[in-house]
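Colleague: Could you take me closely through one part of this model, namely its main nonpolar core and the helix that belongs with it?

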Amino acid sequence: MGEVDPAFIQVLEHQPKLDITEAEGIPLIDLSPLNSSDTDPDFSSLVAEIGDACKNWGFFQVINPGVPLKCREKIELASRKFFALSKEEKKKVSRDEANPLGYYDTEHTKNVRDWKEVFDFTVMNPTIIPASHEPEDKELKELINQWPEYPPEFREACEEYAAEMEKLAYKLLELIALSLGLPKTRLNGFFKDNTSYIRLNHYPPCPAPHLVLGVGRHKDAGALSILAQDDVGGLEVKRKTDGEWILVKPTPNAYIINVGDIIQVWSNDKYESVEHRVVVNSEKERFSIPFFVHPAHSTWVEPLEELINKQDPAKYKAYNLGKFVATRKRSNFKKLDVENIQIYHFRI
């Protein structure tokens, strides 16, 4: 099977089963009503579908989201061209602890190395974040996107795609707000100076797909994630009903949406951020592009006041998003002795 560096090997209980069930059950939601020319379209059934999906799965797929297909095809092609470059060329835009944007190939999840290489860029340029994870350190820093020289169309493809993803993110946040019984724009204000970012993922073929993971089991720290994946497949979701790992079968031109930790806290556990992971393939490489929707770094994340009452008191104490993410990111660069920070550390 070829040799695999032990740094990639998952402990036995987290090694993937290769005969996994396909997740026929993940809801597929048609967003075409949002693009309707009706002056007063009825979104009530769409809102109900979104609410059910968030509650029962934490994951759903959307079709007809209003994102031009050409825009998606451009970034997918640019991503393939970039990852086909030599390691030396890619490392010219390497990220590090000082600037966590750019190329990286030694990421860890839950202290085990992932079988992948990535390129990260932010939507806001510059993006402002805390300079460190230390609570008393008030210093801020600017993150500046690093762009490779090749392919020459790379930056334009990425920036066009980011603009389209932002539009889609607001549509989804509004539908989620409505599904929680809140005003449509209730969540929008948190994203004025957002720290959202996009990742290009490349999972090379792996000689031992039964021992390693492309990304280890984790929950997303942001509000929402919007994923474009190719036709190879590899994303697995932990089904809430029985804890089984379910493979999300690729649907052509669909986007996979999942609720992140912030929506779990805002909704006071009405919606739950669900664990997921990526399996790899011995023959095929796989590409995917997640957009991680994050509020401003200064946001204090806590249950929304409209959703708490005497019968259903707040289940979380407030935490600062910038410091939470800064703490979390430390494990990308070094193996920690403890599990990284999670929202359950803020449970009341």
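Modeller: What follows is a look at the core, its main helix and one further core. This is a predicted model, in which local features need pLDDT of at least 70 and side-chain atom pairs count only at pLDDT 80 or more, while totals for chains, interfaces and linings use all residues. Residues are numbered from 1 along each chain as its sequence is written, and side-chain values use heavy atoms, with hydrogens and water left out.

A nonpolar core here is a set of buried Ala, Val, Leu, Ile, Met, Phe, Trp, Tyr and Cys residues joined through side-chain atoms within 4.5 Å, where buried means under 20% relative accessible area with a 1.4 Å probe and protein chains only. The largest such core has 68 residues, and Phe119, Ile226 and Tyr255 are those with the most contacts inside it. Helix H4, residues 154-179, gives the most to this core, with 13 residues (helices are DSSP runs of H or I, at least four residues, numbered from the N terminus). Apart from this core lies another, of 19 residues, including Phe59, Ala208, Val215 and Val274.

Leaving out residues up to four places away in sequence, tyrosine 255 touches, among others, Tyr161, Met165, Leu168 and Ile226, a contact being heavy atoms within 4.5 Å.

As for the helix itself, the expected span is 1.5 Å times one less than its number of residues, so the 26 residues of H4 should span 38 Å, and its end C-alpha atoms, 37 Å apart, agree with that. H4 is followed by glycine 181, whose phi is positive, near 80°.

Conventions: Buried means under 20% relative accessible area, exposed over 50%, partly exposed in between (1.4 Å probe, protein chains only). Helices (H or I, at least four residues) and strands (E, at least two) are DSSP runs, numbered from the N terminus.
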